[in-house]
Amino acid sequence: MQALYKIADIVHSALFGMGRLREEDKKKHFWLSFALVPAIYPWTSLAFATVVVLLLGLLKECYDHRFGTGFCWYDMSANGMGVSAGVAFAWSLTQMGHALF
């Protein structure tokens, strides 16, 4: 599990190594999106979990547009990267589960 955290930290540093994508808010978008995909996946398909998490991110940005600081494409980018990493993580867990049984 430590190796997974190390890999995630390396990926995170590579993704958020520049400009506005380095803001703390973007890290929260990334990690929440990353965590939600495998959390939803056991009860539905991976494709549906992906769509749900992307829509949640979009709804959050629409809320920000109406009541907050405004719609931010960098937040959506961080959501997309988090979802992509979450899909890869959830899929790899599924494959490891198949290999064990």
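**Exercise 1.** In this predicted model, state how Lys 27 and Glu 24 are placed relative to each other in helix α2, and what their side chains form.

*Solution.*
1. Helix α2 spans residues 24–40, and Lys 27 and Glu 24 lie three residues apart in it, so about one helical turn separates them.
2. Their side chains form a salt bridge, with an N to O distance of 4.0 Å.
3. The relative accessibility of Lys 27 is 24%, so Lys 27 is classed as partly exposed.

**Exercise 2.** Which residues are linked with Lys 26 in a network of salt bridges?

*Solution.*
1. One salt bridge joins the side chains of Lys 26 and Asp 25, at 3.5 Å from N to O.
2. Another joins Lys 26 to Asp 75, where the closest N and O atoms are 2.9 Å apart.
3. This second pair connects distant parts of the chain: Lys 26 belongs to helix α2 and Asp 75 to helix α4 (residues 73–100), with their positions 49 residues apart.
4. The network therefore consists of Asp 25, Lys 26 and Asp 75.

**Exercise 3.** Classify Lys 26, Asp 75 and Asp 25 as buried, partly exposed or exposed.

*Solution.*
1. Buried requires under 20% relative accessible area, and exposed requires over 50%.
2. Lys 26 has 2% relative accessibility, so Lys 26 is buried.
3. Asp 75 has a relative accessible area of 4%, so Asp 75 is buried.
4. Asp 25 has 32% relative accessibility, so Asp 25 is partly exposed.

**Exercise 4.** How many salt bridges does a search of the whole structure find?

*Solution.*
1. The search returns four salt bridges.
2. Among them are Lys 27 with Glu 24, Lys 26 with Asp 25, and Lys 26 with Asp 75.

Note on methods. Residues numbered from 1 in each chain as written. Predicted model: local features only at pLDDT ≥ 70, side-chain atom pairs only at ≥ 80, totals over all residues. Heavy atoms only, no water. Helix = DSSP H or I, 4+ residues; strand = E, 2+ residues; numbered from the N terminus. Buried < 20%, exposed > 50% of the residue type's maximum accessible area, 1.4 Å probe, protein only.
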